[in-house]
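Thanks for asking me to look this one over. I have put my remarks in numbered points so that you can follow along with the model open beside you.

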Amino acid sequence: MKKAISFFLAFVMLISAVSFSFTGFAAGKKYVADELSVIQTKSGFVPGKTAAVVGNCYGFISAVCEKLYGVKYQEELTSDGYTCKHRTGYFYTVKTYITQSSDTAACAKDIMNFFVNNAYPGDIVHYASLNGSSHTFMIQSIDEEKMEIFHSNYQTKTLSSSSCHVDPIIWSSFLKNPTKTEYNADGSLLSHNSIFYNKQKRGGIGITINRYSKYEDKFYPNYSTPKLTASRANCTSIKLKWTPVKGAEKYQVQYKLKSAADFTTLTSAHTSTSYTVKNLTTGKSYSFRVRAFAGGKWHDYSNVETKKVLPPLVTSVIFAPASDGLKLSWTKKTDLTGVRIYRCDTSNGTYSKIAELSGSTNTFLDKNIKYGVTYYYKIQRFLKVGDTEYKTKLSSLKTFSGAYVLKTPAISYERPNATAITFHYYGDGCQDSFDYSIVSDSNKKSAATVSTKNSSLTIENLNVGESYTLSVRERTKIAVSEYGSLTVTAAPRAVTDVASVQKKTGIKVSFTPQNDVDGYIVYRSVNGGNYEKAAQLFDKSKTYYFDKEVSNKSSYQYIVKSFIENGEEVIGDEGIPSAPVKVTLNKPTGLTVTKKGKTSVRVSWNSVSVASRYDLQYKVKGGKWKTVTGIKKAKRVVKGLTKGRKYYFRVRSTSKLGIGNFSKKRSIKVQK
């Protein structure tokens, strides 16, 4: 079953629910097709018989909707005849297709794709010529092969317009001849191709697909038959995989010898979408199939997959250069007699065996190669049982291609101090050695090439501000790579451990000092913006910077770079930024109000770490707030209150950074 069937079934289910009950409906979602099949057994909705509504295609579909969805399709058609104002909220338009062409053949594929890509079973379709006449139908089923429509007030050779009927539109027939309906030899309808042409030939056509707004709350969008694939897991097992079915509660897996008449059930309660069938006989061919239990019933079986039980195929190979050859590696299997390697210099030539490996070996080093040449390989696993050998035909094996090519080394660097640079270089990991040379700005001549087995190099006693270029390549027994190069200026190293924290009057930015620099430059980002210079510190022993130019509710982040005055300013690398700090004056918490005297109360609260002062407000019920400012401690005695009156209190923190928000209110009644 396909996507379209499901939608249509969902549509029918809701219509039926109004006139008669479904005992299992409330238990969970179902498929539209299952409910529609019930509706189409009821008088007025039986295909081929008199429709529940005669002479009005729109009225008939509205009656179907009442049974399937529990509400009529009583939307207002617009003057164009194919669009609708969905005023009730029960339905909405999914997609609209319009063409001013009167030639259906020119846009048949577009019409087909419009439905296949957008429509579901149970959708309502309005279509009309751009200058008038229209028709309404419901989609009963739809997939890449055909669409079936449920409608009335439409006459065919075998059915009158007073009857309701399900008509197929086979897409291959529609694309071939979209202006002429095809009939079977017995006169029955084969493919209703001309249904759109009858309107479109009058000057173009408009089509809308409309859907019940709560469709997916009550129904699965579509039912699909599982698509099954089978592969060899090992010499006695086949692994099955299939596409999931939406709404499936479980799956049934069956198998048989290819020559057998009947399938045997392996399981009827499997819940995943893969299953390994074990203990099969090597060399025998087996057939497999699977089906889903969904919407309260078992559905159609998948495609049947037949597979001969043989050693599993090699599905992927990793190629990597080694010191003395091209290394091939693949997934390891343990139940084999051996592996044979075949090679060819062209993709479609004759393959020759170049190696036979025993047991579960899963690597091979091909030493007979040339640099940069692509070679083609087939890898055959085999199993010997007595005098019988089981293997896959060479022609059926997958071809893998690889070439021996060395990467240009990647280079990175770090600065131990302002007058040293450490280079790190990375090849393929197979090299015997590296060749490198270094030149500087003051010495542009070619430097001598040095060979080393080390993968890092430190150069010292450099001139601050001068640039140095490292060129390096990797060397193996077979070839050398291209040179990679990197130019780095001798400069201060990155400042580390940059951290920031909010204080009462600003943000303190701290960092680890350096002993070989002249000072530091602090860069600041506000609310995620670009970093801009905030300060320059001419003291190499300095370990922090205090930023007072901040404001409440803004976020700040900092980068610190060191510098050296060497005729001109040389600025070091950029390190890791500090974590962002959002300046916040928190609301005081824990506000309490207790009786102090006959006309006074004690107000206290939890202190706020970054607050310099507090503002306390109080008022009599229904009155205006009175404010006491500049309170240093987290408490205050309020005097001069009126007996018998109820008072409210709240407090906020203040500092040079701004003013915070008020705390929650607390109240107390001053007793008489």
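1. Which residue lies over the face of Tyr 301, and at what distance from the ring centre? The residue is Arg 289, at 3.7 Å from the centre of the Tyr 301 ring. A lysine takes a similar role elsewhere: Lys 250 lies over the face of Phe 293, at 5.0 Å from the ring centre. Please keep in mind throughout that this is a predicted model.

2. Next, the aromatic rings. The count of aromatic pairs comes to 29. One of them joins Trp 171 and Phe 174, edge-to-face, with 5.8 Å from centre to centre and 75° between the planes. Rings count as edge-to-face when their planes are over 60 degrees apart, so the 75° of this pair earns the label. Both residues belong to helix 5 (residues 171–176), where they sit 3 residues apart, about one turn of the helix.

3. Are these two rings buried or exposed? Trp 171 counts as buried because its relative accessibility is 1%, and Phe 174 is buried too, with a relative accessible area of 0%. The pair also belongs to a wider group: Trp 171 and Phe 174 form one aromatic cluster with Tyr 97, Phe 114, Phe 115, Tyr 127, Phe 137 and Phe 196.

4. Helix 3 (residues 57–69) is worth a slow look from end to end. At its N-terminal end, Asn 56 acts as a cap, with a side-chain oxygen 3.1 Å from the backbone nitrogen of Tyr 58. After the helix comes Gly 70, which has a positive phi near 85°. The length also checks out: at 1.5 Å a residue, the 13 residues should span 18 Å, and the end C-alpha atoms are 18 Å apart, which agrees.

5. How many of the 13 residues of helix 3 are buried? The count is 12, so the helix is largely enclosed by the rest of the structure. Among the buried residues are Cys 57, Tyr 58, Phe 60, Cys 65, Lys 67 and Tyr 69. If you are browsing side chains, note that this list includes a lysine, Lys 67.

6. On to a sheet. Strands of a sheet pair through backbone hydrogen bonds, either parallel or antiparallel. Here, an open sheet of 3 strands has the order 11-12-15 and antiparallel pairing. Strand 11 (228–234) and strand 15 (274–277) are the edge strands, each pairing on one side only. From one strand to the next, the twist averages 25°. Strand 12 (residues 237–242) is joined to strand 15 by 4 bridges, and Leu 240 has Tyr 275 of strand 15 as its bridge partner.

7. Now some backbone angles. Most residues other than glycine have a negative phi. Asn 153 has a positive phi, near 55°, and its place is in the loop between strand 6 (146–151) and strand 7 (165–170). Asn 153 counts as partly exposed because its relative accessibility is 29%. Lys 553 is not a glycine either, and its phi is positive at about 75°. Lys 553 lies in the loop between strand 38 (544–547) and strand 39 (555–566), and is exposed, with a relative accessible area of 54%.

8. Strand 39 leads on to a hairpin. With strand 40 (residues 568–571), strand 39 runs antiparallel, and 4 bridges join the two. Glu 565 has Glu 569 of strand 40 as its bridge partner. There is 1 residue between the strands of this hairpin, where Gly 567 takes a positive phi near 85°.

9. Finally, two contacts across the sequence. Gly 206, in strand 10 (residues 205–212), is buried at 0% relative accessible area. Gly 206 and Leu 130 are 76 residues apart in sequence, yet their C-alpha atoms are 6.4 Å apart in space. Val 610 lies in the loop between strand 43 (601–604) and strand 44 (613–620). Although placed in a loop, Val 610 is buried, with a relative accessible area of 10%. From Val 610 to Lys 503 the separation is 107 residues in sequence and 5.5 Å in space, C-alpha to C-alpha.

Methods. Residues numbered from 1 in each chain as written. Predicted model: local features only at pLDDT ≥ 70, side-chain atom pairs only at ≥ 80, totals over all residues. Heavy atoms only, no water. Phe/Tyr/Trp six-rings, centres within 6.5 Å; stacked < 30°, edge-to-face > 60°. Buried < 20%, exposed > 50% of the residue type's maximum accessible area, 1.4 Å probe, protein only. Lys NZ or Arg CZ within 6 Å of the ring centre and 35° of its normal. Expected span 1.5 Å × (residues − 1). Polar contact = N/O pair within 3.5 Å; in protein donor to acceptor, adjacent residues only side chain to side chain. Pairing = 2+ DSSP bridges. Axes fitted to C-alpha atoms, helices over the stretch in contact; angles between N-to-C directions.
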